[in-house]
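Please open the model in your viewer and keep the selection panel at hand, since this tour moves from one selection to the next.

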Amino acid sequence: MGTVTELKYESPETAQAVVALLSGVGPMARIFAGGTDLLVQMHEELIEPTLLIDIKGIPETREIDVTADEIRIGAAVTGAELGEHQELKSRWPGIVEAVELIGSYQVQGRATIGGNLCNASPAADSVPALIAAAAKVIIAGPNGTREVPAEEFSVGPGRTCLAAGEFVTSIVLPKQNQRSGDAYLRFIPRTEMDIAVVGAGACVSLNDDGTCASARLALGAVAPTAKRVAAATDILQGNRLDDGVLAALAKAANDACAPIDDKRGTIEFRTKVAGVLACRAVKIAWQRAENR
Amino acid sequence: MPKHQITTTINGDEVDFGCHAGQTLLDVLRTELGMTGTKNGCGSGDCGACTVIVDGRPVNACLVLGVELQGAEIETIEGMAKGRTLHPLQQKFLDHAALQCGICTPGILNMAKALLEKNPDPTETEVRYGLAGNLCRCTGYDKIVRAVLDAAADMRANG
Amino acid sequence: MANENSTTNYKWVGKRTRRPDGVDKVTGRARYGDDMTVPGMLYGKILRSPHAHAKILSIDTSKANALKGVKAVLTSAEIPDHPLSQPPYAPIINDMHDISRNVMARDKVLYDGHAVAAVAATSERIARQALKLIDVEYEVLPHVLDPLEAAGRAAPILHEDQFTYSADGLSDKPSNLFRSITGQRGDLDQGFAEADIIVEREFTSEPVHQGYIEPLACIATASEDNCVELWTTTQGHFVIRALCAKLLNMDLAKVRVTASEIGGGFGGKNTVYGEPVAIRLSQMTGRPVRMVMTRTEVFRASGPTVGSRTRIKIGARKDGTITAADAETWYQAGAFKGAPVGRAAETFFSSYTIKNARAVVHDVCVNRPKVAAYRAPGAPMAAYAAEGAINELASRLAMDPVDIRIKNAVREGDESLMGTKYGQIGLLDVLEKVKSHDHYSAPLGNNQGRGFALGYWMHGGGLSSVSAHLLDDGTVTVATGNPDIGGSRSSMRVMAAEELGVDIELIKPIVADTGSMGYSHLTAGSRTTFATGMAVIFAVREIIEKLRALAAKKWRLTIDQVTWEAGQAVASSSSRGGIQSLSLKELAAMATKMGGAIAGHSEINAGGAGAAFSAQLVDVEIDPETGFVTPLRYTVVQDVGRAISPDYVEGQMQGGAVQGIGWALNEAYIYDDQARLQNTGFLDYRMPVASDVPMIDTVLVEVPNPNHPYGVRGVGEPCLVSAPAAVANAVENAIGQTMSSLPLSPPKILKRIDEAQAAGG
Ligand SMILES: Cc1cc2nc3c(=O)[nH]c(=O)nc-3n(C[C@H](O)[C@H](O)[C@H](O)COP(=O)(O)OP(=O)(O)OC[C@H]3O[C@@H](n4cnc5c(N)ncnc54)[C@H](O)[C@@H]3O)c2cc1C
Ligand code: FES
Ligand code: FES
């Protein structure tokens, strides 16, 4: 007679213990943060892990650490907690907005920024904002700690650069220029409770004369992974936000798209709206930089 | 395989329960504890019918595991009325006919309660966005939004 | 007696009272389908087909059977087969041959999600695991999803034993087209010849789901002496009893069905899905079996409504008089025949007096779940096309959209296209109210548009039973056989209190099980307040008769010397001095000593429910760069006959409008190229959330239905009929372009805007 296989649950208190558990069990072990992706996938029987490793008991994954230079966000910090952090909100409003777009208030109380990144959905809302911010992902593993730029973290739908035994402990936002601002916008057909059809994150720094010192633009849901639009940086740098620049920006965003037709949108629609949102996000980021 | 033994506080009472690792809070409440006031509309975080309050935050009980809840404080619909006195939100839902079939009601009441704790004087738009994670297919939301706004006014007036 | 003809001075009718089941629902005490447990219960689960169309070559259940905790595994071999129904067919078909195959696929699976096997196990986890151990060998067949394509010659055939039925008999080759219904009058050629302007358009709509929040759930307990107790969430437990007993060859009396509180239905809980399977599993194991569908199963395997492909042509004179109208539409029935074709034919043009008109509706099988009713089944898609064409007619004639309708509106004495004669109707009143409403002339901003549409529904009556009991403390129980979805107990209580002339708190309304009541048809088609309400009135009147007799006996008078006034038996003044009155409470206390308990009951087949019309005005704003639609303002003006409980009448209208917004803008079944359903959850099946919609203003027009003592018409259906058409019209108005396929999702809208721009528009 067969029997049902049992799922196990562990909640270690150190990163080392997590690495040890991951290394011992292999791919059937899953990091469990807010569970808002994981439990849905288990409910739908898309995955059947044998071990859940809850990382919320590890202090460093739960803290937001602000220094003059950087901000380090623990991987298991929730959307609600990010939204309540005034300092973070005023320095990186775009990132906070992106995370706060995830799900409902109920989901916000659980969903983590690390989970959003590690689930590696091309439509994940925080990721274009993190890429635009030039965030770094801090990874713990059997060989110690390493850093990866946010834009290199996901390598395909549902796939990350994490090697066996590795997990994300935190995300680091870099030091900002004096006059800089960020923004994130997404398109969904409803006002809430939907997955991005297109997402656009922008980060802009201005020179004293009001021209663009540097800028980064990233798009979500228009390619197998969220991706940076490198051309946007060249288009903006040294310029002001006039119609010609915006048209070029929209074109660069259109060109960067390699989307699919699916239940959420068509190739044509995604490509067009990517340009629209790119311009709107850059405008907001620009304005925020000006107001600094 | 033995179950995990968890001790929590539910609606102010200490409650012990046993659960398997994969069992959600929703399943624990409904199956292990017979507290069926928390509803299951989807099991995947989309409908909000299972909304309960854990350690002061509204969550989807279908997206929380029982094993995580050692020491947690949980509030469910069964604890909303104090004794035989209905909560102002419950009263206003009755006064405004803010329910038809009622399956969404426990979740909406919990979410509205959490919302008003954070924002005692919300606008219509804030109530609508605050309740966006709670689907109601019957009412078109109109009377629900009115009931929440009216309850908020009452609660402000009565401290 | 309550005054039948007076339209004023009601004590309870039309008042806003708290509903009797409210407290249980705000405290979590109310028990819905999934809230029941029975000791020793097993968990049932269903294995579903991953293919849209395939032959089942073999099913091997041995590994599942061997799993510890599995008590039974079932396939279609355990479900009795029934012969196919033969012509002539009834207007609505409950073919046991089809139902048997829908609850468990027999030789073929016909849609993604079709049930192929089921297990009962000691836990849900074990049951889920067991499903994975069942080996089904399929031979995948070509599929068809589109009704026009399915009706064509080259389409894969779903049922080799289905032939097209027409007046000439059956077709010689099997076909996915089951039958076509035609409503017709006058001479179309002549009508179009008289027209100064002709609008010809095509419209399509996709299947949408009822979207009730409570998934289907039941518990069956079968006993060794062939009795069954069934607890289920349903809109009609008497219908469930009939279907289960017939399907499983059981005696009706031995199947006792109790309706749980129901978490929404909208037509989707009118038939059986898991119930017969749970009963069979319980019979096989000797234990109670609980069967609860997941949300995914609800979307994949329970009925959405039809999708449609419609061609329509309408001609009018310059003054707006419609001279001819012709519509032909293909309705997807899903895997089994039974699209609501008659209702569709009735809906197309029945708000208008068009001399020459025709509506042809085809009932076509495709590889999708079998459709179920959804609020005004068949009507919203027809209204979408007809109202869309009339709006275009109005705009091309530069006529006001309400004026063109007033010009052509049906009046008392007119007939619908399917031959229904209208009694007293409120259509003109509704249209006048729209014109005078401030919404109608409010200014619009940039990128904003206003839409208008009219909806019609001919309500149902039918069988209802009620049993009312006066208890010896003067309180009254009123038991009906109709599940309460949206506040019907409240209305029953109001009508009983009004008749008796007593406080509503003395009345306790109850939904009784099938063992305690005469047959009561579904809570559907907006029939309950009308038909069951009428039975309540009759049952209570019987109590009043008995109380008058009792008082007469006490006073030694004849019954006609005693009247019933404001909750009291009163001796008519001429008959005897001195005696004044006996209250309900006093009479109740006397009754048991003077002849026995007092009850009244009524078993009726109500007719004359009448037609109702709902007009809707909606403003939207479009983001021209993304196609995003924001509904800004919404007004529903509807003839409700008489609003017994205005709160719940408004609630129906508001709920209907918001369902219509979802239908018009975003809701749709989305399939991949293998015909597998892609959006099986609420995240991608996009029903409106609270922040998507504005407040919904309601205007209740009360033109009483003369066939009901208080003038009740149904209210739940007409408000959905016009909603998708109104929203679609608003979108067209905002972008200044026509659009013809629901849902009007942002990609479609943006494409239309871009096309128009490219064309220099
Ligand atoms: C109703 C609903 C609405 C949603 N709406 C949105 C939305 O609008 N936008 C959006 O982007 N997402 C949305 N989501 C998805 C989800 O909520 C987010 O992706 C969320 O951020 C995931 O975080 P989590 O902590 O819940 O992740 P979990 O479910 O705990 O984990 C997700 C995945 O990442 C892995 N993981 C988690 N943390 C780590 C780590 N530190 N190191 C390595 N691996 C890790 C897990 O093993 C798992 O595979 C929605 C989900 C629901 C249920
Ligand atoms: S049941 Fe938890 S959100 Fe629907
Ligand atoms: S009242 Fe039925 S879902 Fe809200």
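Begin where chain A meets chain C in this predicted model, and look for the 18 residue pairs in polar contact between chain A and chain C, in each of which both residues have a pLDDT of 80 or more. Next, select helix H2 (38-43) and helix H12 (267-291) of chain A, each of which supplies at least two residues of the side of chain A that touches chain C. Of that side, the largest share comes from H12(A), which gives six residues. If you colour the side of chain A that touches chain C by class, you should find 12 nonpolar, five polar and 12 charged residues.

Now widen the selection to both partners, where 29 residues of chain A are in contact with 30 residues of chain C. The area buried between chain A and chain C comes to about 2,800 Å², and carbon and sulfur atoms give 52% of this area.

For a closer look at the charged groups, select Glu48(A) and Lys132(C), whose side chains meet in a salt bridge at 3.2 Å, N to O. Between chain A and chain C, the count of salt bridges is 10.

Leave the interface and turn to the largest nonpolar core, which has 159 residues, and in which Phe93(B), Ile312(C), Phe348(C) and Phe349(C) touch the most other members. Centre the view on Phe93(B) and, leaving aside residues up to four places away in sequence, pick out the residues that Phe93(B) touches, among them Leu99(B), Ile144(B) and Val26(C). Finally, select Met534(C), Ile543(C), Ala551(C) and Ile644(C), which are included in a second, separate core of 50 residues.

Terms used. Residues numbered from 1 in each chain as written. Chains lettered and ligands numbered in written order. Predicted model: local features only at pLDDT ≥ 70, side-chain atom pairs only at ≥ 80, totals over all residues. Heavy atoms only, no water. Core = buried A, V, L, I, M, F, W, Y, C linked by side-chain atoms within 4.5 Å. Buried < 20%, exposed > 50% of the residue type's maximum accessible area, 1.4 Å probe, protein only. Contact = heavy atoms within 4.5 Å. Buried area = accessible area lost by both parts, 1.4 Å probe. Salt bridge = Lys/Arg side-chain N within 4 Å of Asp/Glu carboxyl O. Polar contact = N/O pair within 3.5 Å; in protein donor to acceptor, adjacent residues only side chain to side chain. Helix = DSSP H or I, 4+ residues; strand = E, 2+ residues; numbered from the N terminus. Nonpolar A, V, L, I, M, F, W, Y, C, P; charged D, E, K, R; others polar.
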